[in-house]
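I opened this notebook page to record what I looked up about the contacts in the structure shown below. My entries go from the contact between chains to the arrangement inside one of them.

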Amino acid sequence: MASLSIGAFYNPHLGAELVRAGGIDHLAMADPPAAGDPHWPAIRARYTLLLHDYLGQLSEPLDERSIERARTLAELYRTPWVAEHFQCLHTVDGTYNLNYVFPPLYTEDFLERFVRNATALKARLDQPLVMENIPGFFDVQASQLPEPVWLRRFFEATETGFLLDLPHVWLEAHYRVMKPERWLARFPLDRVVELHVAGVEEDRDLAGPWIAPAEPSDQMLGFLAHAVTQCPQAKAVTFDAFSPSLTAEALFRSVERIREAL
Amino acid sequence: MSDRALQDDVIRALADAPYRESAAWRARGLADPERVERFARFLARHFYYERVVHFFKYSRALAGVTGRTPEAVLTRPGFEDLVPSIVLGSRQTARAVAQLVVTHVGDAGAAIPYLGDLLQYEAAMMVVEAGPRIWRDGPEGKDGGAGSGERSAPERVEGTVLLELAYDLPVVLPQLLRPWSDVPQAPARSTSLLVARSPHGRVAVARSTDAVAALLRLADGRKTLAQVAHDAGLEVRELEQTLHGLVELGAVRFSTGS
């Protein structure tokens with residue numbers, strides 16, 4: 001395995017610190033830079049930037065406006081790959097929107113939809129497309145395939161890359177009362193290009209752990225170290241925290257600990 | 001029912017609390033009801049946290065003076081009482097959550113003369129943003145909204161708001177987001193603001209004029225522009241320019257000719 005690029009998300013409120021920082025190889029971009037962001041030119045000049053915006057949900061074809069937006073951002077960032085999520089969070093008619101990542105039903109029909117629409121998007125991009133797994137808090141009876149099988153078939157059909165979000169896998173294992181390593185082993189790890197790692201925190205509504213812009217625990221970093229050994233094509237690991245509440249100390253300490261764990 | 005329709009049903013159940021309680025949803029038996037309820041509550045708090053922090057950012061900047069952050073309402077009993085009726089993204093729920101913030105921050109008793117106007121402005125932004133939107137254009141790249149189809153009669157878009165304020169808020173808003181030691185002051189000056197949303201969900205604010213007010217009052221989808229101009233006592237040419245701006249903002253659309 002080539003040496004891994006270790007990075008974080010660009011948090012604009014930490015722009016000044018990120019411009020000066022050492023030890024960070026890349027920054028993922030969740031939002032386009034704000035028009036008045038004084039640090040953006042230096043950030044762009046200094047870092048490898050990864051496009052990780054919301055482009056659209058691939059249960060439907062992306063429209064021309066969304067594709068052009070993706071192409072424009074990819075060019076602006078000079079991104080080595082473009083990321084999207086396995087998500088379906090708003091209804092076809094636009095009436096209901098969860099405003100939060102939510103997975104599709106793992107059915108043959110949705111597999112065909114995602115394969116068709118991801119293939120169409122990939123053909124319009126000048127960079128490879130990678131797709132990120134999304135955790136489910138509950139199983140929907142209408143699903144026909146286990147998530148890892150559905151993902152493997154998707155990647156085989158599209159030849160896209162896998163952005164493996166490890167806390168998502170860890171959470172699913174937790175709620176299935178499984179060892180995370182056992183659940184992870186079922187995923188198509190040979191397709192992984194990038195890994196996300198972050199912390200989880202107790203959520204009052206869920207009465208259990210969930211995704212949070214927090215530092216990864218030692219346990220999560222151990223899980224990362226294990227996962228990386230199973231992903232022969234992995235090129236990057238990103239500390240997945242994007243929030244105005246994130247402090248510079250937490251970001252830099254997390255990246256440093258990720259580097260130490262690997 | 002197609003898989004896509006089933007997915008929509010799950011999304012609706014998570015977004016729409018009354019539907020989640022309905023016999024129609026429960027009879028489907030698609031998922032563990034307790035898990036669904038927990039996740040729906042999580043989503044509701046997340047959904048309105050993002051909007052309250054975004055739309056009430058100016059009164060949030062004043063929290064050092066008011067002693068109250070807008071997002072605190074999301075962990076208070078008032079929000080818990082709303083949960084059984086919440087429909088994510090609806091105007092009714094946006095209005096109810098915004099009112100919780102207005103009451104919470106407004107009751108702080110802070111000596112900021114324009115605080116009432118500010119909260120009214122922020123609440124209007126949040127309510128105008130709500131409602132169904134276009135998530136993707138059709139194959140021909142048109143959205144079927146403002147400006148599409150044969151132009152006939154202008155019609156005020158549902159949800160567009162005209163605010164009448166006692167203070168000139170646009171002067172003070174940018175100052176509130178910069179570092180300050182003394183509370184920035186807004187000029188006491190009668191100000192009319194138009195708040196509108198594009199079909200894709202972009203909220204915009206513009207200063208209103210007599211022509212804007214007349215158009216919004218008279219554009220009912222039946223009167224032609226000439227009739228609106230006549231009723232308002234304005235020149236058609238003057239109204240045309242105003243109308244163009246309102247269509248761009250999403251405040252007015254044209255009924256499609258039949």
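How many residues does the contact take from chain B, and how many from chain A? Working on a predicted model, I found that chain B supplies 36 residues to this contact and that chain A supplies 34 residues.

I then looked up which elements make up the side of chain B that touches chain A, and I noted that α1 (3–15) and α4 (33–55) of chain B are the elements that give two or more residues to it. Of these, α4(B) provides the largest share, 11 residues. Sorting that side of chain B by class, I recorded 16 nonpolar, 14 charged and 6 polar residues.

Next I turned to the inside of chain B, which is divided into domain 1 (1–132) and domain 2 (143–258). For the separation of these two domains of chain B, I noted 26 Å between their C-alpha centres. Where domain 1 of chain B touches domain 2 of chain B, I entered 18 residues of domain 1 in contact with 18 residues of domain 2.

Which elements of chain B each supply at least two residues of the side of domain 1 that touches domain 2? I wrote down α5 (57–61) and α9 (115–129) of chain B, and I added that α9(B) gives the most to this side of domain 1, with 8 residues. My last entry concerns the classes on that side of domain 1 of chain B, where I listed 12 nonpolar, 4 charged and 2 polar residues.

Methods:
Residues are numbered from 1 along each chain as its sequence is written. Chains are lettered from A and ligands numbered from 1 in the order in which they are written. This is a predicted model: local features need pLDDT of at least 70, side-chain atom pairs count only at pLDDT 80 or more; totals for chains, interfaces and linings use all residues. Two residues are in contact if their C-beta atoms, placed from the backbone, lie within 7 Å. Helices (H or I, at least four residues) and strands (E, at least two) are DSSP runs, numbered from the N terminus. Ala, Val, Leu, Ile, Met, Phe, Trp, Tyr, Cys and Pro count as nonpolar, Asp, Glu, Lys and Arg as charged, and the others, Gly among them, as polar. Domain bounds come from an automatic or database domain assignment.
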